[in-house]
Amino acid sequence: MQLPLFPVDIYLLPNGICKLQIYEQRYIRLVKLATANHHGFGLCMKIDDNLCHFGTRVIITDFDPLPNGFMSITIQGTEMFLINNHWQDNDRLHIGDTSPVPNWHSKNITFIDQNISDNLKQLFQQHPDHASYYPDPKFDDITWVCQRWLEILPLEVNQKQWFMSRNDCSAALSFLHTVINTHSNLE
């Protein structure tokens, strides 16, 4: 699937939600393309000046014009993708030929650490602005919980890309178990 790409330092996975401010003409065009084609656009990270291999296709769920002439859009991740090829149009908007990557499944995940989910609930309580993006949180879905944690943890881009390349949430679950339990033991 060909998608307009938005390179940004935001890590968003399927079902993740965030807001962006749009002000450059090329990204205003991206919003127009994304709403016209009903496929959305690709959110992808960069290392130095190079686009990363994995990204997330997002759809625009809401938008508001701002008084400063900018536009605020709310986006939601729908699926991960692999960038096969990309180029820039005359206005420097990135366009990518992408292939979908299946979202993580949790059917073979037998280890569920309630502590990981409980800590995310607590974090949402401490940050109600962020929690307001998720009126129906899925704290009993280990894939959803792992993906929300990975979105907010301060990880290096290459670490985030590595997690995106996995087939399920088991590596993320193991990582989170170590990080959260270590942090709990330090308190």
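T98 sits in strand β6, which spans residues 94-101. This is a predicted model. Is T98 buried or exposed? T98 is buried, with a relative accessible area of 5%. Which residues does T98 touch, leaving aside those up to four places away in sequence? The contacts are M1, L3, F81, L82, I83 and N84.

**Helix α4**

Next comes a helix. Helix α4 covers residues 142-152 and is mostly covered. How many of its 11 residues are buried? The count is 10 of 11. The buried residues of α4 are I142, T143, W144, V145, C146, Q147, R148, W149, L150 and E151. That list includes charged residues such as R148 and E151.

Look at the start of α4 as well. There, a side-chain oxygen of D141 comes to within 3.0 Å of the backbone nitrogen of T143. T143 is itself one of the buried residues of the helix.

A general point helps when you view any such helix. An α-helix has 3.6 residues a turn, so residues three or four places apart point the same way.

**Two cysteines**

C146 belongs to the buried set of α4. Its relative accessibility is 0%. How far is the sulfur of C146 from the closest cysteine sulfur? The distance is 4.5 Å, and the partner is C169. A disulfide needs the two sulfur atoms within 2.5 Å. The sulfur atoms of C146 and C169 are therefore too far apart for a bond. C169 is in no disulfide, and its nearest cysteine sulfur is that of C146. C169 is buried too, with a relative accessible area of 0%. By this rule the model has 0 disulfides. As background, a disulfide is a covalent bond between the sulfur atoms of two cysteines.

**Positive phi in two loops**

Now turn to the loops. N15 and D48 are residues other than glycine, and each has a positive phi. The table sets them side by side.

| Residue | Phi | Loop | Relative accessible area |
|---|---|---|---|
| N15 | near 75° | between β1 (2-7) and β2 (17-22) | 35%, partly exposed |
| D48 | near 55° | between β3 (41-47) and β4 (50-65) | 70%, exposed |

Where is D48 found? D48 lies in the loop that joins β3 to β4. With a relative accessible area of 70%, D48 is exposed. N15, in the loop between β1 and β2, is partly exposed at 35%.

Definitions and conventions:
Residues are numbered from 1 along each chain as its sequence is written. This is a predicted model: local features need pLDDT of at least 70, side-chain atom pairs count only at pLDDT 80 or more; totals for chains, interfaces and linings use all residues. Side-chain values use heavy atoms; hydrogens and water are left out. Buried means under 20% relative accessible area, exposed over 50%, partly exposed in between (1.4 Å probe, protein chains only). Helices (H or I, at least four residues) and strands (E, at least two) are DSSP runs, numbered from the N terminus. A polar contact is a pair of N or O atoms within 3.5 Å; within protein, one must be able to donate a hydrogen and the other to accept it, and residues adjacent in sequence count only if both atoms are side-chain atoms. Contact means heavy atoms within 4.5 Å.
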